Structures are given as C-alpha cells and as structure tokens.
Amino acid sequence: MVTPGTADRQRTIVIVALCAAVTVLALVSLGVGPVKLSPVAVLDALFGGGSEVQRIIVQEIRLPRAILGLAIGAILGLSGAALQGLLRNPLASPSLFGAPQSAAFGAVLVIATGLADVRSYALPGAAVVAAFASVFVLLMVAGRNAGLLLLILAGLAISSLAGAATSLAMNLSSNPFAALEIAFWLLGSLEDRSFQHVTLALPFIAVGAAILLSQRHAFRTLSLGEETAQSLGVNVGRLRLLVILGVALGVGGAVAVAGAIGFIGLVAPHLMRPLIGYDPARLLVPSALTGAVLLVAADIAVRIIPSTSDIKVGVLTSIIGVPFFLYLIVRERRALGGGVA
Amino acid sequence: MSEAAILVASSLSVNLGNRVVLSDISLALSSKHLVALVGPNGAGKTTLLRALAGLLPSEGTIEVCGDALPSLALQERARRFAYLPQGHQVHWPLPAKDIVALGRYPHGAVDPARLSPKDAAAVMRAMQATDVVALGDRRVTELSGGERSRVALARVLAVEAPVLLADEPTASLDPRYQIEVMTNLRTAADNGMLVVVVTHDLGLAARFADVVLVLADGRLVSQGPAADALSENIVADVFRVRTYRADYQRETIIVPWAEV
C-alpha cells in the first residue's frame, strides 16, 4: 500500500536518481568517441584545462552533441507523457502519430526547394508547422474520446502520408547528393552537431516544454474524461490546442537538427509508471528525464558498438522501441481487440 | 418556490445538429431540494443536465445564484455546479483520495498532494459522508462498482457547490447501494444544496425527491411533488406503463407494474 506521503518521497528519489544518471551519462558522452577521454580529463577540458585539442574535442565537438541529446530526449519523453495524459491512452506518442515524420517532411521541403540554408530558423519553423498540422489533423480525424485503434490507424495514415511526401520531395530534388544527404539525416543522428544547431533547436524545445509543463495539472482532471474535466473548470478545447502546440514546437525543433528519432516518447512514460504511479501530472518530469537518459545512452551506444560505418541513433531507438511497442500491444490486446473507446 | 430559487431556466432549447433535443424548458429550483429528473430513454434528461451546467451550448437563459450562466467564467461555473456524469469512468488507476481531491480543482487546489488545510478538510468531509475514508489509498480501478460510485459521489460532494447535478448515480448498483447513494444525496440537499438527479427508477424518485421533473421528447410535461408529477395518467402517457401505488410511512410508493 502506497500512502501519498511515501509516494511523494518515492517520486523525489526517482527524480534525484534520474538526474544523477543524466549527469553521469552526459560526462560519459563527452568522453566517448575516436579520442577516448577519462571523466577527469573531460571535466578538466570542460572548464578550460587540458590540451587545446582536448578542449576543442570536448567543448566544440562533443558538448553540442550531448546538449542536443539531453534536450531532444527530454522533450520527446515529455511529449509522449503529455499526449498520453491528454488522450488517456498509454499508446499515444509523437512517433506513432506521425509527428516526427511530418516535421521531417516540413524540413525536407524547405531544403529541397532551396528556400533555406540548413542552418536557418526557416528549417525548424517549417518542421514545427508540419508537426502541428499532423497532430491537429490526427486529433480531428480521430475525434473526441477516440479509442486506441482509431488513434493508431489515423497515426499510421498520417505517418505514411508524411513519408510518401518526403520521398516525393527527394525524388524531385535536382541534386542526387542532396537527396542522399537528406535520406541519412532522416534516419536521425546527433553526429557532428555544432552550437549553431543547439541555438537553432533549443528555443523551440524550451518553449514547447514550458507549454506542456504549464498544463500538467489539467491532465489529471482528464483522467475523469473530457466532460468532467470541463465541469471542473478546464477549457478542454484550449488544452488540446496547447498540447498540440507544445508537442509540435518540441518535436519540430528536435527533428530540424537531429532528424526523426522515434519511440522515446512511447517508452519513457511506461518505464516510469511502475515507479511513480499513473498520475499523468506527476509523470511529466520523470518521463522527460527518462527520455534524456535513453537518448544520451543510445547516442553513447552508437559510438561504442563496433561497426564498419556509424550506426544512426534514430535507427537504434527504433530497433529497441518497436519490440517494446509490440509488447505494449500484447498488453493492451483486450482493449484493441474489443475496439472499446 | 421561486423566491428561494437558485437555478432558474427560461425557454431553454438545445439543438444538436439539426435535431431539437430540448425545447422551451422553463424551471425554477430551490436550495435544500432533491429534484428527480425522469423520462423515457432519449427524452433529453442528460442533455438537460449538461445544458444546465453550461457544458452544452443552449438557447434561452440560465441563472444560477442570481447570475446569468454565460457571464460566469469557466472556473466560477465549476464552483457553482458539481457535475457527476453517468458511469463515472476513470482512465488511470489513481488513488481514490486523489480522485476525491479533484473536486477541489475549481477552488484552485490543482495538486492533490499539496492541499491547503481548508481543501483537505473539504475532501475529508466528503469522504466521511460517503464512507470512503478507508479506501483513500486504494486505486479506484481495484474497487468494486459500489465502492467506486461512492468515491465518485465524494468527488462531487467535495466541490461543496450550491448545485449538484448527478446523471444516473444509481445505475448498475445493487439495491443497498442505490439506497445508500440516494440517502447521501438526500443529506446533501438537507444540508443546503440543490441536488438534481437523473434516474430511471420511479420508485426511488417518489421516495427521495421533493420535486419530480418529467421529461418527454425534449419537453417538460409535468413537475411537482411525486404524487402529482407522476400521476397515473402522466406515467401512462409518458412511460406507457401502469403503476402500482401505495402509501407507506407517509411516503408515496410508485412501482411500474404493467404495460399500458
């Protein structure tokens, strides 16, 4: 039996442990690569010590990568938890709804049509708009109180459309090398990212996260259904728009610099429920931290796993995420099979 | 009755799509009354409850505690109406205590883990009234149907609103829990609330309500004390049933008996 007091304490312990894990992984991430550095050397180089080469490696090559890994992992975990809270549905997540795929299409369109340089704000801007449109259309198509099956079918349709549209844009692209470049970028990677990428993505991610976190208590009222939430004084229509906006800003900003990295938003809240409980409001922060842990760990793994060419981190998260998704489907089989809302 | 009326509707109509669900409903309901809203399936009972709470757009006017409903902000409405929907679904296995604490959300107590002493006291009063204090830390999804309905009832009592609207709170409960829920609502009315209950059970309506509203095809066809509002003729017209009637301990007993 968990009394609220101990539940609170347990949540604090989990959050502290996750923060510690994030810090350790960030340090490891700064030390891993062609030139291996010990944590001491990393800390030294980070604060201006060590050789010039070490400082450049840590501060200019690996630090942006680590920062993006943390921020993107966190916003994906947070977006997943927020969507699951909004829809009262444990299978909701940005990638199953086609949000990253649509954001990628927006970004590719801007690149392929030559409207923008890869390092201008037009890129995340287009990604955010496309992500917003995709989630908005999805929720319109699925309707209020949509069941699992409806949401997932609508998500499948939207991600297929976004994928096809992206392929078309690459098809029509005049430069075959640009197309290849885009194809690799779509796989999702944090490699060779600079501080320019950080400044490009971070404002969007930060605003998106702030919007989602500001709505946290409203998610709890939604546990009782939309009508009851409304009777408790929650403007449900406005809440929906804010969540879509927050997810679109975060996912759009993330995809614009790192490509499509999937399944973190689905997995992170699930890992936290056994430890924190099901309260959608209290899951947001732990899910964000778990997302950061997962993505930075995956990004370390792609650098450690021996292979002839480098593995993209987006590929790795999907390879781990999809079997997990299958496991969740098995667990939710009754609800899916029955088609109940 | 109108001098103490706290919920007044005049010429209320609701259209959903092209369909007229409610037309020209006028009523004035007072504090300390338990009002039963009855009518055949599809008569518009739930729609009327939702419209009164401002959860549906409607034509006509609604006043609650002297203020026009549209003039009230969403949060202020939520403080005046406690609304218990049918089926009281809960999507996540939250502790019962947190569900009850959501009743304080309209009062600004958004976090059940951090209630002010005033909000915590209201939650405790509500949980005592429905006898669910011992269930506080259990997950609602693990509770029996009867226990869950008491938790749901505690949630609306915790709002401590002047008006409580309950949609079929006795549906799918065994007789003992039906009586328990109605007794709780009766006590809430005696303590000063206006309680409006949608029910299909004419017997419970006659036994517990001060006023019965009979709805048929979106119109209010009769209202008043049970013995008048649910007269033999009206029940035969509206529900197509004949009733058995008796008086027991000075209360009216009405039992649907046979088809007309």
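User: How many helices and strands does chain A have?
Analyst: This is a predicted model. Its chain A contains no strands by the assignment: the count is 0. The helices number 15.

User: What is the radius of gyration of chain A, and how does it sit against the globule rule?
Analyst: Chain A has 341 residues, for which the globule rule gives 20 Å. The value for the chain is close to that, so chain A is as compact as a globular protein of that length. Its C-alpha trace spans about 60 × 55 × 35 Å along the principal axes. The radius of gyration is 20 Å.

User: What percentage of the contacts in chain A with a separation of 6 or more joins residues 24 or more positions apart?
Analyst: Burial first: 52% of the 341 residues of chain A count as buried. Now the contacts with a separation of 6 or more. Residues 24 or more positions apart account for 79%.

User: Which element gives the largest share of the side of chain A that touches chain B?
Analyst: The contact takes 22 residues from chain A and 25 residues from chain B. On the chain A side, helix 1 (4-31), helix 9 (216-222) and helix 10 (226-231) each give two or more residues. The largest share is 4 residues, and it comes from helix 10 of chain A.

User: How do the residues on that side of chain A divide into nonpolar, polar and charged?
Analyst: The side in question is the one that touches chain B. Chain A brings 22 residues to this contact. They divide into 7 nonpolar, 10 polar and 5 charged.

User: Which element gives the most to the largest nonpolar core?
Analyst: In soluble globular proteins, nonpolar side chains tend to be buried together. Here the largest nonpolar core has 198 residues. Those with the most contacts inside it are A107(A), L37(B), L165(B), V195(B) and V212(B). With 17 residues, the top contributor is helix 3 (residues 52-87) of chain A.

User: Which residues does L165(B) touch, not counting those up to four places away in sequence?
Analyst: L165(B) is among the residues with the most contacts inside the largest nonpolar core. Beyond its sequence neighbours up to four places away, L165(B) touches L49(B), L52(B), A53(B), F81(B), Y83(B), L84(B) and V196(B).

User: Is E168(B) buried or exposed?
Analyst: E168(B) is in the loop between strand 7 (163-167) and helix 6 (175-190) of chain B. Its phi is near 45 degrees, a positive value in a residue other than glycine. Within 10 Å lie 21 other C-beta atoms, and 20 or more are required. Therefore E168(B) is buried.

User: What does K32(B) count as, with 15 C-beta neighbours inside 10 Å?
Analyst: K32(B) is in the loop between strand 2 (19-30) and strand 3 (34-38) of chain B. Its phi is positive too, near 65 degrees. A residue is buried at 20 or more neighbours and exposed at 12 or fewer, so K32(B), with 15, counts as partly exposed.

Notes: Residues numbered from 1 in each chain as written. Chains lettered and ligands numbered in written order. Predicted model: local features only at pLDDT ≥ 70, side-chain atom pairs only at ≥ 80, totals over all residues. Contact = placed C-beta atoms within 7 Å. Nonpolar A, V, L, I, M, F, W, Y, C, P; charged D, E, K, R; others polar. Core = buried A, V, L, I, M, F, W, Y, C linked by C-beta atoms within 7 Å. Rg over C-alpha atoms; globule rule 2.2 N^0.38 Å.
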